[in-house]
Amino acid sequence: MSIENKERRQVLKGLGAGLLAATAGVPFFAMAQNETLVRFLDMPEDYDVPPVEPGSTHIINTREITNFYSRDFYVVQHYGQPDVPVEQYKLELTGLVNRPLSFTLDELKAMPSREIDAGFECGGNGGRMFQGLVGNARWRGVSLREVLNQAGIQDLGREIVFFGADQGTEEIRGRQVEQSFARSLSVEDAMSDDNLIVYEMNGMPLEPHHGYPVRMLIPGFYGVANVKWLTQIHVQDTRYMGRFMGRDYVTLKHENVGGEDRWMETSVARMNLKSAIVRVTRRNNIHRISGFALNDGTPIRSIEVKIDDGPWMEAMIDPQASQYSWKPFHYEWRNASPGEHTIVSRVTDINGRVQLPQEQLPERVSYWEEFGQFPRRVLIEG
Ligand SMILES: Nc1nc2c(c(=O)[nH]1)N[C@H]1C(S)=C(S)[C@@H](COP(=O)(O)O)O[C@H]1N2
Ligand SMILES: [Mo]
C-alpha cells in the first residue's frame with residue numbers, strides 16, 4: 001500500500017462514521033470549468049479583499065478558497081512584522097530548566113522533524129469577515145516536548161511562555177512599556193504530543209508574515225497560541241499575565257458554574273467545534289454547498305446542512321481531512337427552487353457535541369470565539 005493510501009486509511013478511521021466522498025483526489029474546494037458562483041445575499045456581490053501587506057492583518061475571501069492547503073492564508077500581527085535576520089536568529093530556553101539551551105535555525109533543522117496538517121482560525125474570526133481569518137497548511141518542525149525535555153523542566157515549573165521578536169508599546173496602569181508578543185501554556189498542554197516548533201509551511205520556509213524563521217504550532221488551539229518569530233521559551237512557576245493571555249483574547253461568557261450563574265472570563269485557547277458554509281456553486285442544474293469545519297482535534301462524527309426549514313442532511317467530508325486539519329465539506333443540492341433560501345451547516349463530534357445556533361449558546365460579550373451556526377442567504381436563479 002502506498003504511503004498516501006495508508007495515510008488516507010488513518011484519516012478515515014480518525015473521522016469516525018462521517019460520510020466521506022468517493023471522489024478521492026479531487027480537491028474539495030476546486031471548481032470545475034463550467035461551475036459558477038451562486039450569489040450570497042448576505043455578502044456584497046463585489047466582495048473583495050486586499051492582498052497580503054507587510055505588517056497588517058490579511059483577511060481571506062473564503063468564497064475563493066481553492067485548495068486543501070491554503071494558497072491564501074490569513075495573517076494577524078498585532079505589533080507589525082519584525083525582520084528577523086536568520087544569521088542572528090537564536091531560540092533561547094530559559095527559566096526553571098536544568099539546562100538553559102539555545103538553538104540556531106540550522107541546529108533546529110538538524111533535529112528530528114515531523115510534518116503535521118493543521119488548520120486554525122483567529123479567536124476573533126466570525127461572520128463579520130465571512131470567516132476569512134482562517135487557513136490550513138502542512139507544517140514541519142521539531143517536537144516542543146523533545147526540546148523541553150532536553151532542557152529539563154524543574155519540578156517548580158508550571159507555565160511555559162513563548163515570546164516573539166515583535167514588540168509594541170502598551171500603556172499599562174498609566175505607564176508606557178515595551179512588550180513582546182507572548183502567549184503561554186500550562187506545562188501539561190505544552191507537553192502534548194503534537195506541538196511543534198515549526199520552520200516550514202506547505203514545504204517552504206515560513207514566509208516573513210507567517211513567522212519566519214520559526215514559529216509555534218499548537219494544533220487544536222486558536223491561532224493566537226501559534227507565536228510567530230519565536231525567540232524565547234521561558235519556564236516559570238506562575239501564570240503568565242501578558243496582554244494576549246490576560247486582557248486581550250479573553251472571552252466574557254455568562255455560564256453556570258457549579259450551580260451558580262456567573263460571568264466568566266477565559267483566555268482563548270482550544271478551538272470550539274465549528275463549521276461554516278463559505279460557497280455555493282452551480283454546475284448545470286446541480287448546486288453545491290461547500291464549507292469547512294474546525295475543532296480541537298476531537299474526531300468528527302458528521303457535518304450536516306439544512307436548507308430553509310428542511311431536515312438536516314449529511315454532507316460529504318473531504319477524505320484529505322485529518323485530526324487537526326480543517327474539514328472541507330460538500331453537499332450536493334438537487335432540485336433547488338429558484339428564489340431566496342437560507343442555508344446553514346452544523347458539525348457534530350464523536351462525543352455527541354453539536355454546533356448550536358448562536359442564540360442557544362451562553363451569552364457572550366465581545367466577538368471572541370464565534371462558533372455558533374452561521375446561516376447564509378442565497379439567491380437561486382431560475
Ligand atoms: N509574534 C506574534 N505571533 C503571533 C501574533 C502576533 O501578533 N505576533 N498573532 C497571533 C494571532 S492573534 C494569530 S490569529 C496567529 C495568526 O497566524 P498567521 O498570521 O500565520 O495566520 O498568529 C499568532 N501569533
Ligand atoms: Mo488572532
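**Exercise 1.** In what order do the strands of the open three-stranded sheet stand, and with what pairing?

*Solution.* The model is a predicted one. Step 1: the order across this open sheet is β14-β13-β22, and the pairing is antiparallel. Step 2: β14 (260–267) and β22 (364–365) form the edges, each of them pairing on one side only. Step 3: the antiparallel pairing of β13 (residues 250–257) with β14 runs over eight bridges. Step 4: within that pairing, Leu252 has Glu265 of β14 as its bridge partner.

**Exercise 2.** Determine the strand order of the open five-stranded sheet, and explain why one side of β1 and of β19 is left without a neighbour.

*Solution.* Step 1: the strands follow the order β1-β15-β16-β20-β19 and pair in the antiparallel sense. Step 2: β1 (35–37) and β19 (316–317) are the edge strands; each has a single partner strand, and therefore one side of each lacks a neighbour in the sheet. Step 3: for β1, the antiparallel pairing with β15 (residues 274–283) comprises three bridges. Step 4: Glu35 is bridged to Arg283 in β15.

**Exercise 3.** Establish how the protein is divided into domains, and describe the contact between them.

*Solution.* Step 1: the division gives domain 1 (15–54 + 269–380) and domain 2 (86–254). Step 2: the C-alpha centres of the two domains are 29 Å apart. Step 3: in the contact, 31 residues of domain 1 meet 33 residues of domain 2. Step 4: about 2,900 Å² is buried between domain 1 and domain 2, with 60% of it on carbon and sulfur atoms. Step 5: on the domain 1 side, the residues that lose the most area to domain 2 are Met271, Tyr324 and Trp368, which together account for 25% of what that side buries.

**Exercise 4.** Which residues have the most contacts inside the largest nonpolar core?

*Solution.* Step 1: this core contains 69 residues, and those with the most contacts inside it are Trp139, Phe162, Ile197, Leu230 and Ile233. Step 2: strand β9 (residues 196–201) is the element that gives the most to the core, contributing five residues. Step 3: at least three residues of the core come from each of domain 1 (15–54 + 269–380) and domain 2 (86–254). Step 4: a further core of 24 residues lies apart from it, and includes Ala293, Phe329, Trp333 and Ala336. Step 5: Phe162 illustrates the surroundings of one residue of the largest core. With neighbours within four places in sequence left aside, the contacts of Phe162 include Leu144, Phe181, Met216, Val227, Leu230 and Ile233.

**Exercise 5.** Is Thr62 buried or exposed, and which backbone oxygen does its side chain reach?

*Solution.* Step 1: Thr62 is located in the loop between β2 (39–40) and β3 (91–95). Step 2: the relative accessible area of Thr62 is 1%; the cut-off for a buried residue is under 20%, so Thr62 is buried. Step 3: the side chain of Thr62 reaches the backbone oxygen of Phe130 at 2.7 Å. Step 4: beyond neighbours within four places in sequence, Thr62 is in contact with Phe130, Gln131, Gly132, Val134 and Val278.

**Exercise 6.** Explain why strand β5 is described as largely enclosed by the rest of the structure, and identify a strand that pairs with β5.

*Solution.* Step 1: β5 (residues 114–121) has eight residues, of which six are buried; the strand is therefore largely enclosed by the rest of the structure. Step 2: β5 pairs with β6 (residues 134–143) in the antiparallel sense, over eight bridges. Step 3: Glu121 has Val134 of β6 as its bridge partner. Step 4: Val134 also appears among the contacts of Thr62.

Methods
Residues numbered from 1 in each chain as written. Chains lettered and ligands numbered in written order. Predicted model: local features only at pLDDT ≥ 70, side-chain atom pairs only at ≥ 80, totals over all residues. Heavy atoms only, no water. Pairing = 2+ DSSP bridges. Helix = DSSP H or I, 4+ residues; strand = E, 2+ residues; numbered from the N terminus. Core = buried A, V, L, I, M, F, W, Y, C linked by side-chain atoms within 4.5 Å. Buried < 20%, exposed > 50% of the residue type's maximum accessible area, 1.4 Å probe, protein only. Domains from an automatic or database assignment. Contact = heavy atoms within 4.5 Å. Polar contact = N/O pair within 3.5 Å; in protein donor to acceptor, adjacent residues only side chain to side chain. Buried area = accessible area lost by both parts, 1.4 Å probe.
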